[in-house]
Amino acid sequence: MDTGHTATVLRLKQFEPACAAGPNLQNLERRYSTLLVEESSSPLHGGMSYICRATTTDGAVVAVKRQLKSSESDPDLARAMDEAGEQALFQEYKSLLAVSGEPGFPRIYGYGISDDGPLILMEWIEGKTLRSAAPLLPHEGGGVAGSVVCAIGTEVLGILLGASNGSRAIVHRDISARNIMIRTNARTLEEQISSLSFDLVLIDFGSATPMASQMGSLTAKTGLVRFGTPAYAPPEMLTADVAYPEEVRKSPRVDVYALCSVLYELYSGKTPYVADGSWYLEKRDHAPAPIVPHVEGDRPLCEAILSGIRADQEMRPSPQELKSALEAWQGKKPAPQRKDDATEEQKGQHWSLTRRAFFICLGGAAAGIAAVAAARSGILSGISFPSIPSASAKDDGGTEDSSASQDGSDDASSGDSSAAQTQVSAVAYAWPALDATSGLWGLLDASGSWVLEPSLSVQPGSWSQSGTPACDGSLWGFVGAAGSWLVSPAFKALGPLSADGYAAAQSTSGLWGIVSSGGSWAVEPSCLAMEKTIHNGMVPARQSSSADSWGFLATDGTWTISPGGFSALGSCGDNGLAAACVSQTLWGYLRTANRSWAIKPTLAEARLFQEGLAACRPNMQDSTYTLIDASGNRIAEGFADMRPFASSLAAAKDASTGSWGFIDAAGSWAVAPAFAALGDMHEGSAPAQDSSSGLWGLVDASGSWVMSPSCSQMALGDLGDDQPATT
């Protein structure tokens, strides 16, 4: 406990006990009505709350988790931030209630209200965090001894398995070295080390969520996107734009990834990743550096740890599978082989982490496509554990050879600039589509004809007469209508070409810049993160690792809005307004011309302005979307989801039926909801998913099929696909 603290008296106006109190309610209220709180000069805290030690009226020691109040000078902003904080603290209380008293979790006493706001009363854990205890654990070969690492991993997995059973099951979602405590009030740390039996407790449930889908999530209710600790969290927890977020973020494999990252750090002395730019992209696109075993006998342990640090969630072991592998290494019992009796179609289903890249692979070629996608993410094929270098091998950190990009040039052109001449084509727009027969991607125009025949294993970007972003399996370049490379693959990532011929691009060094249609750098790579779509001659970008450092970079290399003050920025709309986030939770609309607020940041979510209209979520407590104009006036509300306007129509999801249709500028249904999914209208057509077959085709403005459903997947369009997200 920090000795630099002051004691203050805290009186509760209201107290809700964690369990049915019956006739003892008055005694409990009296016990917790007045607390002597030790306000530490360096309190234990997360992003929106902190923990203090306190003493009750009868001398019992408890922990008090309190909300951090907003320091914003703007009263509207401060009020909105405090309301969001209250929602987050109450959600954490409900998560803690679900596991209170279970082994490995703190006991919860109740939820109280004071003059300073809400608080949680819980058990005070005497001990050390794993972060502070790590230097005291037995070491060998540059890290903690394998037997100790295995014992800690097995114990945490047992705790997680206890939390994942029953109707009140939860996922922690922020396992880290600071959120695992070794309790020492019953046994000393030395005693636990000698017995290889650790008394561990998981703390900080600010990101936890119930697994039962009917209970919903805090993100859905309030718009608060809880990201995990970047060094340990899986890719799906490090971006706000994830396909099927309710499913992937409630999986126990989220905790498996984070725990294996903790074990990796204990064993090797370093975390699996050190990101100079986007943690999400680094973890999505690259496998962690192999672990060098301290001794040859540690090889199965290292393999088990690495098996959980895979970008594809479905490729990770379940908590039980990982626990069995660790116990087998300990010699307790044989590890059962992981079952692999899925059908070829099931094996081929690959759910990607980004909205534009997710697809369902159907047919006999599906497994091969999934393998290509897995290779791009640095995932080893099959279900076996990754291979480990011999104990004598040097650990070079696993970095890629980027010598070709060290001079900063990263010229992506093939050397013959004539190869990148503008194509002559009447096609104005085309959608990436996955052919159900071949299992390959191509481009469909508004009539349903193939502009680019299916020939690509990875989903391409949107069509441009000057070139379409495409991937050869590892790097990106531009292809033409004939399928030939106009700009050879040389980028780690590549956005669509804007109307004036520029695209956001990530060099092989990991930095972002802007390239022309010929593949040469118009703006040299210098940004750590950048949205992929350039709108109105500018793109959101940041050069600093600070969370609040986004700005707008123009295609001439100047900053239209200097970096700083924004947690995230969306693309600039057609009226010069851009969605902007402050304090990582509150959204508004910024005038890019003079950096002033057109709509103050009090919204739960804000999306791209197109044709003078935008979708937003005004209320932290309501998960539905509202259509607003540039003055913030509400046109229509109550939609489950909504895309930006295109050709005077916007795809919208009906809250009552869950089906998609088109709304007009008045917010009325122009095409009644009848589709499983619906994209943007271009050249009189829009991609649509048939509710019966699940296949995709093209519909016109009346909802009639222009091209009958025959594709396994189609991209929705290039409007709003890069939804603003912190990285």
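**Side-chain contacts, a helix and a sheet in a predicted model**

In this predicted model, the side chains of Arg 284 and Asp 285 form a salt bridge, with N and O 2.8 Å apart. Both partners are enclosed: Arg 284 is buried, and Asp 285 is buried as well. Elsewhere, salt bridges with shared partners connect Glu 605, Arg 607, Arg 617 and Asp 641 in one network.

A search of the whole structure yields 20 salt bridges. One of them joins Glu 126 to Arg 53, where the closest N and O atoms are 3.0 Å apart. This pair links distant parts of the chain, since Glu 126 belongs to the loop between strand S7 (117-123) and strand S8 (127-129), while Arg 53 belongs to strand S4 (residues 49-55), 73 residues apart. Glu 126 has a relative accessibility of 37% and therefore counts as partly exposed.

A further salt bridge is formed by Arg 253 and Glu 321, with 3.9 Å between the closest N and O atoms. Because Arg 253 lies in helix H8 (residues 253-268) and Glu 321 in helix H11 (residues 319-330), the contact ties together parts that are 68 residues apart in sequence. The two partners can be described by their accessibility: Arg 253, at 17% relative accessible area, is buried, whereas Glu 321, at 27%, is partly exposed.

Aromatic contacts are considered next. A pair of aromatic rings is described by the distance of the centres and the angle of the planes. With ring centres required to lie within 6.5 Å, the count comes to 12 aromatic pairs. In one of these, the ring centres of Phe 90 and Tyr 111 are 5.2 Å apart and the planes stand at 75°; planes over 60 degrees apart count as edge-to-face, so this pair is edge-to-face. The contact links distant parts of the chain, with Phe 90 in helix H2 (residues 75-99) and Tyr 111 in strand S6 (residues 108-114), 21 residues apart. Phe 90 is partly exposed at 32% relative accessibility, while Tyr 111 is buried at 11%.

The rings of Phe 491 and Trp 521 are also edge-to-face, because their centres are 5.6 Å apart and their planes stand at 85°. Phe 491 is part of strand S20 (residues 485-491) and Trp 521 is part of strand S24 (residues 521-527), so the pair ties together parts that are 30 residues apart in sequence. Phe 491 is buried, with 0% relative accessibility, and Trp 521 is buried, with 12%. Phe 15, Tyr 32 and Tyr 109 make up one aromatic cluster. A charged side chain also meets a ring: Lys 532 lies over the face of Trp 476, 6.0 Å from the ring centre.

Strand S24 leads to the sheet. An open sheet of four strands runs in the order S21-S22-S23-S24, with antiparallel pairing. Strand S21 (493-494) and S24 stand at its edges and have a single partner strand each, so each has one side without a neighbour in the sheet. Between them in the order, strand S22 (residues 502-506) and strand S23 (residues 512-516) pair in the antiparallel sense over five bridges. Ala 505 has Gly 513 in S23 as its bridge partner.

Helix H4 (residues 146-163) completes the tour. At 1.5 Å a residue, its 18 residues should span 26 Å, and the end C-alpha atoms are 26 Å apart, which agrees. Of the 18 residues of H4, 14 are buried, so the helix is largely enclosed by the rest of the structure.

Notes. Residues numbered from 1 in each chain as written. Predicted model: local features only at pLDDT ≥ 70, side-chain atom pairs only at ≥ 80, totals over all residues. Heavy atoms only, no water. Helix = DSSP H or I, 4+ residues; strand = E, 2+ residues; numbered from the N terminus. Expected span 1.5 Å × (residues − 1). Buried < 20%, exposed > 50% of the residue type's maximum accessible area, 1.4 Å probe, protein only. Phe/Tyr/Trp six-rings, centres within 6.5 Å; stacked < 30°, edge-to-face > 60°. Lys NZ or Arg CZ within 6 Å of the ring centre and 35° of its normal. Pairing = 2+ DSSP bridges. Salt bridge = Lys/Arg side-chain N within 4 Å of Asp/Glu carboxyl O.
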